[in-house]
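Work through the exercises below with the model open. Each task is followed by its solution, step by step.

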Amino acid sequence: MRFVMFCALLLALGAMGSAGALAQTANEPALEAAQVKRASAIAAGHGAVVLSIRSEIYLEEPLDVYFLREGGDVTNAADVISFRRKQSFFAFGNSTVEYQVRAYQLRAGTYRLIAHGIDCPKIPAEDERCLVDRRGLTGTVEVSRPSRGYGGGAPTFEVREGVLTNAGEFALTARNTIEWSAIPPKEFGKVSQRFRGLKSGPDPVIPDGFKLKYGLFPRSFEDDRGRRY
């Protein structure tokens with residue numbers, strides 16, 4: 001009898017865990033971009049995009065950089081793509097200043113940068129910051145996270161069916177901004193060689209205000225004046 005009750009308890013806990021996982025999935029604000037390893041794996045109606053995410057801010061939690069597909073709705077998770085970067089498990093310092101160039105499979109269309117966020121429960125609106133509650137020694141406190149939303153003048157890149165697009169690199173700087181730079185040819189070649197049979201897509205459209213102004217240097221989670229973002 002005790003064994004039967006124990007089994008029932010395990011099943012109940014498992015059901016609760018499954019329900020929690022489903023609820024968490026349902027609340028995700030975007031789809032995480034799916035990596036693709038070779039040209040033959042690209043589905044119909046999709047193309048490949050080579051893109052890099054870096055951060056000079058130490059990432060206590062993963063960084064998500066969000067893009068909205070043209071014609072889509074930001075409230076529909078299927079229309080928003082997230083590219084994620086996090087600290088290496090074995091790193092002793094900030095490993096996210098190192099290049100991490102990857103190829104992803106996306107539906108054909110034009111994608112625009114709309115936001116970035118760390119540990120944010122939603123996608124920040126234009127110029128909005130992400131505020132979250134954290135437990136401290138004196139109780140719950142509200143803290144800001146490195147995050148920001150971007151308007152219609154943000155960078156875009158186009159994905160075409162069966163074509164390889166070099167979208168470049170989007171880096172989180174200590175200024176709490178996403179800034180773009182070209183992927184070095186050597187880093188790009190390590191990934192693009194697996195897609196040699198594909199035509200090259202158009203270059204991304206990058207307004208001057210979003211181009212990387214300085215090099216990336218490892219920073220802590222606080223800015224140079226000791227303030228939290």
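**Exercise 1. Aromatic residues**

Task: Which residues form one aromatic cluster, and how is the pair of F67 and F170 arranged?

Solution.
- Step 1. The model is a predicted one. In it, F67, F83, Y104, Y111, F157 and F170 make up one aromatic cluster.
- Step 2. Count the pairs: the structure holds 6 aromatic pairs.
- Step 3. Take F67 and F170. Their ring centres are 5.1 Å apart and their planes stand at 80 degrees, so the pair is edge-to-face. The cut-off for that class is over 60 degrees.
- Step 4. Place the two rings. F67 belongs to strand β4 and F170 to strand β12, so the pair ties together parts 103 residues apart in sequence.
- Step 5. Check burial. F67 has 0% relative accessibility and counts as buried. F170, at 1%, counts as buried too.

**Exercise 2. The largest nonpolar core**

Task: Find which members of the largest nonpolar core touch the most other members, and which strands each supply at least two residues.

Solution.
- Step 1. The core has 27 residues; L51, F67, F83, L106, L113, F157 and F170 touch the most other members.
- Step 2. Strands β3, β4, β5, β6, β7, β11, β12 and β13 each supply at least two of its residues.
- Step 3. Look apart from this core: another one has 12 residues, including I42, A48, F195 and L198.
- Step 4. Inspect L106. Leaving out residues up to four places away in sequence, L106 touches A33, H46, G47, V49, I81, F83, Y111, F157 and V159.

**Exercise 3. A serine in β3**

Task: Is S52 buried or exposed?

Solution.
- Step 1. Locate S52: strand β3.
- Step 2. Its relative accessible area is 0%. Buried means under 20%, so S52 is buried.
- Step 3. List contacts beyond four places in sequence: S52 touches Y99, Q100, V101, G168, E169, F170 and I183.
- Step 4. Y99 also has a charge over its ring: the charged end of R54 sits 4.0 Å from the ring centre.

**Exercise 4. The β12 and β13 hairpin**

Task: In what sense do β12 and β13 pair, and which way do the residues of β13 point?

Solution.
- Step 1. β12 (residues 163-172) and β13 pair in the antiparallel sense, over 4 bridges.
- Step 2. One bridge joins L172 to I178 in β13.
- Step 3. Between the strands lie 5 residues, and N176 takes a positive phi near 60 degrees.
- Step 4. In a regular strand, side chains alternate between the two faces of the sheet.
- Step 5. In β13, I178 and W180 point one way, E179 and S181 the other; all are buried.

Conventions
Residues are numbered from 1 along each chain as its sequence is written. This is a predicted model: local features need pLDDT of at least 70, side-chain atom pairs count only at pLDDT 80 or more; totals for chains, interfaces and linings use all residues. Side-chain values use heavy atoms; hydrogens and water are left out. Buried means under 20% relative accessible area, exposed over 50%, partly exposed in between (1.4 Å probe, protein chains only). Two strands pair if DSSP finds at least two bridges between them. A nonpolar core is a set of buried Ala, Val, Leu, Ile, Met, Phe, Trp, Tyr and Cys residues joined through side-chain atoms within 4.5 Å. Contact means heavy atoms within 4.5 Å. Rings of Phe, Tyr and Trp (its six-membered ring) pair if their centres lie within 6.5 Å; planes under 30 degrees apart count as stacked, over 60 as edge-to-face and the rest as tilted. A charge sits over a ring if NZ of Lys or CZ of Arg is within 6 Å of the ring centre and within 35 degrees of the ring normal.
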